[in-house]
Amino acid sequence: SETLEAAKVRARRDFKTLGRAVTNDDFELLATQTPRVRVARAHVVSLRRPLPRAEGPGLDLDTTAAGAVAVIVVPDEPGPFPTPTPRMLHDVCRHLDGYRLVTTEVHVVPPQYVRIFGVEIDVRAEPGYSQVDVRDAVATALESYFHVLRGGDGQGHAFGATIHHADLVARVFAVQGVARVERLVARFD
């Protein structure tokens, strides 16, 4: 069942698209409404096509493709790296195909996750907190912050967002029991 407030919000969005996908927001909204597919998030990258299969997954960011729209979909699944199945990508693409303009070329692709590794953090615990408890709390806080569906502001970490050292230090410092962040090093792949 749907609440009255949710129905009002949905009605405004439905009137906005008027049965056609024209803007990035239209494609994102319609991707999340694909029947029998649980898409938690969608993001559009305009004027881009997927890389050729031989080059691997991802988008060709070097070549502009007029009329092309790449829709990145993240399924509503547990785990740190929800990845859509080929069938899910096909179903979302078929759904969007019914709404696209004749001149629009739609590609539905899986997300490409940035791997953070080699994280080294030295913190000083406040009196009354053990180093082990603080370490575990810091690890949990950072995993939550970067989660694709629940991280960032609670709606999922932003697609393509820049990760700043100062943001990481602030997240660690906000953990209960952390008195001081003495060193933080992280590498990204």
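Helices and strands here are DSSP runs, with at least four residues for a helix and at least two for a strand, numbered from the N terminus.

**Figure 1. The whole chain, a predicted model, holds five helices and five strands.** Welcome to the overview, a starting point for the close-ups that follow. Read from the N terminus, the order of elements is α-α-β-β-α-β-β-α-α-β. The radius of gyration is 20 Å, well over the 16 Å that the globule rule gives for 189 residues, so the chain is more spread out than a compact globule. Along the principal axes, a box of roughly 65 × 50 × 25 Å holds the C-alpha atoms. Of the contacts between residues at least 6 apart in sequence, 62% link residues at least 24 apart.

**Figure 2. The surface of the chain exposes about 11,900 Å².** Carbon and sulfur atoms account for 54% of that area. Buried residues make up 32% of the 189 residues. For those who like to think about charges, there are 23 positive and 24 negative side chains, and the centres of these two sets are 4 Å apart.

**Figure 3. The largest nonpolar core has 17 residues.** The members that touch the most others are F27, A31, V71, V73, V92, L96 and V108. Two or more residues come from each of α2 (24–32), β1 (39–46), β2 (68–75), α3 (86–97) and β3 (105–109). Helix α3 gives the largest share, four residues. A separate core of 11 residues lies apart from this one, and V123, V134, V138 and V172 are among its members.

**Figure 4. A closer look at V71, one of the core residues with the most contacts to other members.** Setting aside residues up to four places away in sequence, V71 touches F27, A31, A42, H43, V44, L96, V106, H107, V108 and V109. It is worth picking out F27, A31, L96 and V108 in this view, since these names are also listed among the best-connected core members.

**Figure 5. H157 sits in the loop between α4 (131–146) and α5 (165–173).** Despite the loop setting, H157 is buried, because its relative accessible area is 14% and the cut-off for buried is under 20%. Beyond residues up to four places away in sequence, the contacts of H157 are R41, Y145, F146, H147, V148, G151 and G152.

**Figure 6. G177 occupies the loop between α5 and β5 (178–188).** With a relative accessibility of 2%, G177 counts as buried. Its contacts, leaving aside neighbours within four places in sequence, are R124, A125, E126, Y129 and V134. V134 deserves a second glance: the C-alpha atoms of G177 and V134 are separated by 6.1 Å, although the two residues are 43 apart along the chain. V134 is also one of the residues in the core of 11.

**Figure 7. Two residues with positive phi, R36 and L47.** Most residues other than glycine have a negative phi. R36, which is not a glycine, has a positive phi of about 60 degrees. R36 lies in the loop between α2 and β1, and counts as exposed at 77% relative accessibility. For L47, phi is near 65 degrees, again a positive value in a residue other than glycine. L47 is in the loop between β1 and β2, where it is partly exposed, with a relative accessible area of 38%.

Notes
Residues numbered from 1 in each chain as written. Predicted model: local features only at pLDDT ≥ 70, side-chain atom pairs only at ≥ 80, totals over all residues. Heavy atoms only, no water. Buried < 20%, exposed > 50% of the residue type's maximum accessible area, 1.4 Å probe, protein only. Contact = heavy atoms within 4.5 Å. Rg over C-alpha atoms; globule rule 2.2 N^0.38 Å. Areas by Shrake-Rupley, 256 points an atom, 1.4 Å probe, with all protein chains shown as cover. Lys, Arg positive; Asp, Glu negative; His and termini not counted. Charge placed at Lys NZ, Arg CZ, Asp CG, Glu CD. Core = buried A, V, L, I, M, F, W, Y, C linked by side-chain atoms within 4.5 Å.
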